[in-house]
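Me: I would like to learn how to read a structure of protein with DNA, one feature after another. Could you take me through this one slowly?

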Protein chains: 2
Amino acid sequence: MKYSKQRELILKTLRQLDTHPTAEELHVLVKRNLPSISLGTVYRNLGQLVDSKLVRKVEVAGSSSVRYEAKGEEHCHLICTECGSIIDATPQMFETIDVKVKAEVGFTVNNHGIILQGICKECQAKRKKPS
Amino acid sequence: MKYSKQRELILKTLRQLDTHPTAEELHVLVKRNLPSISLGTVYRNLGQLVDSKLVRKVEVAGSSSVRYEAKGEEHCHLICTECGSIIDATPQMFETIDVKVKAEVGFTVNNHGIILQGICKECQAKRKKPS
DNA sequence: ATAGCTGCAAAATGTTTGCGCGAAA
DNA sequence: TTTCGCGCAAACATTTTGCAGCTAT
């Protein structure tokens, strides 16, 4: 990946935020420092930054657009049904879920994003003894 | 809400499914019994059915379109990162989360959809002693 | 009779993409 | 100097909406 002023600024701006902006909100913020930057460039760079794990998508149910964050480790979010505020969850909150999920349906949880992702029983069997 | 053949059929079709179809997928299924029904009508009726709690939205991260379900109680979903299959979670898996979330950030969880929804500390304070 | 629902098509929204130019390697 | 990223605008996908006519009450 080739360096670009735009990508550096997008990442720097997102890293300074404690909020979870949409691409459009971030575009407005970034334009303060680089007025010529286009929304398409913000989308393209966010995509690359997500691919390289420097940025995470925060997919909020009920919000039509995707939100992004660059701070800290992967974590779940608590969304207030009154004011819409987004609070970061801690890993401790989920400690026992993985164990229960595994015990009940044999599903191994890898990831506590907005949804629980992992590998289902069938796919695990396929992995251990491949065709 | 006034009766309509279209809405009845949409709900009946969705209730027969163990999958979590998008509006477009459901439109295809419903058209088998009522070829003239339009996609707009499917969207409009799904909206009403969600409002009246007969149908729930299943917002799957990574899928661009919203999915719907009509069976059982509200529940979370486990999404396999290998094959994309959607498995229904049980309430027991989440028993301790509510307690931990409450203890750590004073947030009361109401709902274990795809994301955790509830009321944040500030809104609870506002509720108890209104302006 | 009339409120509310329909099908249709256009609009709205959020995101992606093709293009020709300019910047990084 | 070649490759890749840019800005721009058009395309795209999903969902919503305005309208004129039909249906349930």
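Reply: Let us begin with a single contact, in which a phosphate oxygen of DNA strand C is 2.9 Å from a polar backbone atom of Val66(A). A polar contact is a pair of N or O atoms within 3.5 Å; within protein, one must be able to donate a hydrogen and the other to accept it, and residues adjacent in sequence count only if both atoms are side-chain atoms. This is a predicted model, in which local features need pLDDT of at least 70 and side-chain atom pairs count only at pLDDT 80 or more, while totals for chains, interfaces and linings use all residues. Residues are numbered from 1 along each chain as its sequence is written, chains are lettered from A and ligands numbered from 1 in the order in which they are written, and side-chain values use heavy atoms, with hydrogens and water left out.

Me: How far from a phosphate oxygen of DNA strand C is the polar side-chain atom of Thr41(B)?

Reply: That distance is 2.3 Å for Thr41(B), while Ser36(B) places a backbone N or O atom 3.3 Å from a phosphate oxygen of the strand. Two or more residues of the surface near DNA strand C come from each of α3 (39–51) of chain A and α1 (5–16) and α3 (39–51) of chain B, where helices (H or I, at least four residues) and strands (E, at least two) are DSSP runs, numbered from the N terminus.

Me: Which element gives the most to the surface near DNA strand C, and how many residues surround the strand?

Reply: The helix α3(B) gives the most, with four residues. A residue is near a strand if one of its heavy atoms lies within 4 Å of it, and 20 residues surround DNA strand C, with Tyr43(A), Lys2(B), Ser4(B), Ile37(B) and Thr41(B) the closest. Of the atoms of DNA strand C that come within 4 Å of the protein, sugar and phosphate account for 70%.

Me: What does the protein place around DNA strand D?

Reply: DNA strand D is surrounded by 20 residues, of which Lys2(A), Ser4(A), Thr41(A), Tyr43(B) and Val66(B) are the closest. Ser4(A) has a polar side-chain atom 2.7 Å from a phosphate oxygen of this strand, and an N or O atom in the side chain of Gln6(A) is 2.9 Å from a sugar or linking oxygen. Sugar or phosphate makes up 72% of the atoms of DNA strand D within 4 Å of the protein, the rest belonging to bases.

Me: Is Asn45(A) buried or exposed?

Reply: Buried means under 20% relative accessible area, exposed over 50% and partly exposed in between (1.4 Å probe, protein chains only); Asn45(A) is buried, because its relative accessible area is 7%. The residue sits in helix α3 of chain A, and its side chain has a polar contact of 2.9 Å with that of Arg7(A). Contact in general means heavy atoms within 4.5 Å, and beyond four places in sequence Asn45(A) is in contact with Ser4(A), Gln6(A), Arg7(A) and Ile10(A).

Me: What is the average pLDDT of chain A?

Reply: The score pLDDT is the predictor's confidence in each residue, from 0 to 100, and chain A averages 77, with 53% of the residues at 70 or above. Over residues 113–119 of chain A, pLDDT stays under 50. Where pLDDT is low, the predicted coordinates should not be read in detail.
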